[in-house]
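Open the model in your viewer and keep the selection tool at hand. We will go from stop to stop, with something to pick at each one.

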Amino acid sequence: MEPGSYPDFGDLPKVEGMPQGCAWGVFDKDGKKDLLGTLNFLTPQVVQAAAAEVKAGVSISLNWPLNAFKIPLPFRRSPTHTVVDLREAGLESDGWDDELEFNTQCSSQWDSLTHFPDQATGLAYNGAKPTKEGLSVSSTEENGLPTCEHWHARGGIVGRGVLVDYKAYAEETAQTGAVPYSPFDGHRITVQELEAVAKHQGVEFRPGDILIVRTGYTELLEGPTEALVPQLSKGTLSGVHGTEETARWVWNHRFAAVAGDSHGFEAIPPVKPDGSVAGMSDLVLHQWFLVMFGLPIGELWDLKALSAHCKKSGRYSFMLSSVPLNHPGLVASPPNALAIF
């Protein structure tokens, strides 16, 4: 089925015990539970149309360095790179290997559909129940959880990417005397603003697109460490407004995935429907996207060079290629993402 053939948010079949808009079962086929979610929107027709975006022969990496964070993240180990001398290791030849140990959330990443389950039930996309034991499988064949190594069976992620450059838009349209926009100010980018930026850039969304939103966060993290500490201590990050309205808008556009350059794609801290501040367990879009829709979220992508090229060329759509690591039970992975113009 093509992306536009699926029901709108309000018409999705009711799933017992889950809110309206839950897409569990929509992509199931031949009696088998689906593990791919909205990546099903990346049909051969969608990929073929994305290939038409390649005109200039320019490719841009969207992968931030694994060791880019200068301040260690709580509960997440910083990368360790160990160089191995092959002769010292016992081989009768000169040469080098290296070993790399890192947390998959430490830099640019895709969150798989098991990363942030429903906080009330512990269920992930399509009713899967992630456990430490279940995620510690030794082969993909025995893994029935919707982790990201399953994406290899469908050829990774290839589609049309669309950059919504909120940072550039905020700076270009700022009123004289207005407080300068900052990725640390906790601004909540609404649906209306996303549409306004897209219109300003001259871009139209298509079913199956991969939506990428730039806030400028990773670029600020590349500055002096002493200037970052007071900013990070505020506990606020700009991002997409975490509401059901946003979730409805994303599903109804049939985006195949979303990504950004911030920690969570959505604004932090999250808020409750009445507007009051909520805790991190209440991340609204993480639960709608990962759990209800099966829609992957990319975080901490490096979008600076992409932004510069889009502005220079006047083109904000491109072919996107992304291939996660191929290891059983992967909760998240570096995206290995390229924008191709």
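The tour below visits a sheet, a loop, a pocket and a pair of helices. Keep in mind as you go that this is a predicted model.

**Stop 1: the sheet**

Switch to cartoon view and look for an open sheet of nine strands with mixed pairing. Reading across it, the strand order is 1-13-11-5-7-9-10-4-12. Now colour strand 1 (59–61) and strand 12 (332–333): these are the edge strands, and each pairs on one side only.

Next, select residues 210–214 and 257–260, which are strand 7 and strand 9. Their pairing is parallel and runs over four bridges. To see one of these partnerships, click on I210 and then on A257, its bridge partner in strand 9.

**Stop 2: the loop after strand 9**

Follow the chain on from strand 9 into the loop that leads to helix 7 (284–293), where you will find P269. F265 sits in this loop between strand 9 and helix 7 as well.

What is unusual about the backbone here? Most residues other than glycine have a negative phi, and most peptide bonds are trans. F265, though not a glycine, has a positive phi of about 70°. Then select I268 and P269: the peptide bond joining them is cis, with omega at about 5°.

**Stop 3: the largest pocket**

Keep I268 selected and add L73, R76, H263 and M280; these five are the lining residues nearest the centre of the largest pocket. The lining has 27 residues in total, and the pocket holds about 720 Å³ of space.

Which elements give two or more residues to the lining? They are strand 4 (109–111) and helix 5 (225–232). Helix 5 gives the most, with three residues. Colour the lining by class and you should find 15 nonpolar, nine polar and three charged residues.

**Stop 4: two packed helices**

Finally, select helix 3 (residues 191–201) and helix 6 (residues 244–252). Two packed helices are described by the angle between their axes and the distance between the axes. For this pair the angle is about 45° and the axes lie 9 Å apart, so helix 3 and helix 6 are oblique to each other.

Show side chains where they touch: V191, Q192, L194 and E195 come from helix 3, while E245, T246 and W249 come from helix 6. Of the residues in this contact, three are nonpolar, two polar and two charged.

Key: Residues numbered from 1 in each chain as written. Predicted model: local features only at pLDDT ≥ 70, side-chain atom pairs only at ≥ 80, totals over all residues. Heavy atoms only, no water. Axes fitted to C-alpha atoms, helices over the stretch in contact; angles between N-to-C directions. Parallel < 35°, antiparallel > 145°, perpendicular 65-115°, else oblique. Contact = heavy atoms within 4.5 Å. Nonpolar A, V, L, I, M, F, W, Y, C, P; charged D, E, K, R; others polar. 1 Å grid on protein atoms, 1.4 Å probe; cavity = no way out; pocket = protein on both sides within 12 Å on 5 of 7 lines; lining within 4 Å. Points joined across faces, edges and corners; volume = space filled by probe spheres on them. Pairing = 2+ DSSP bridges.
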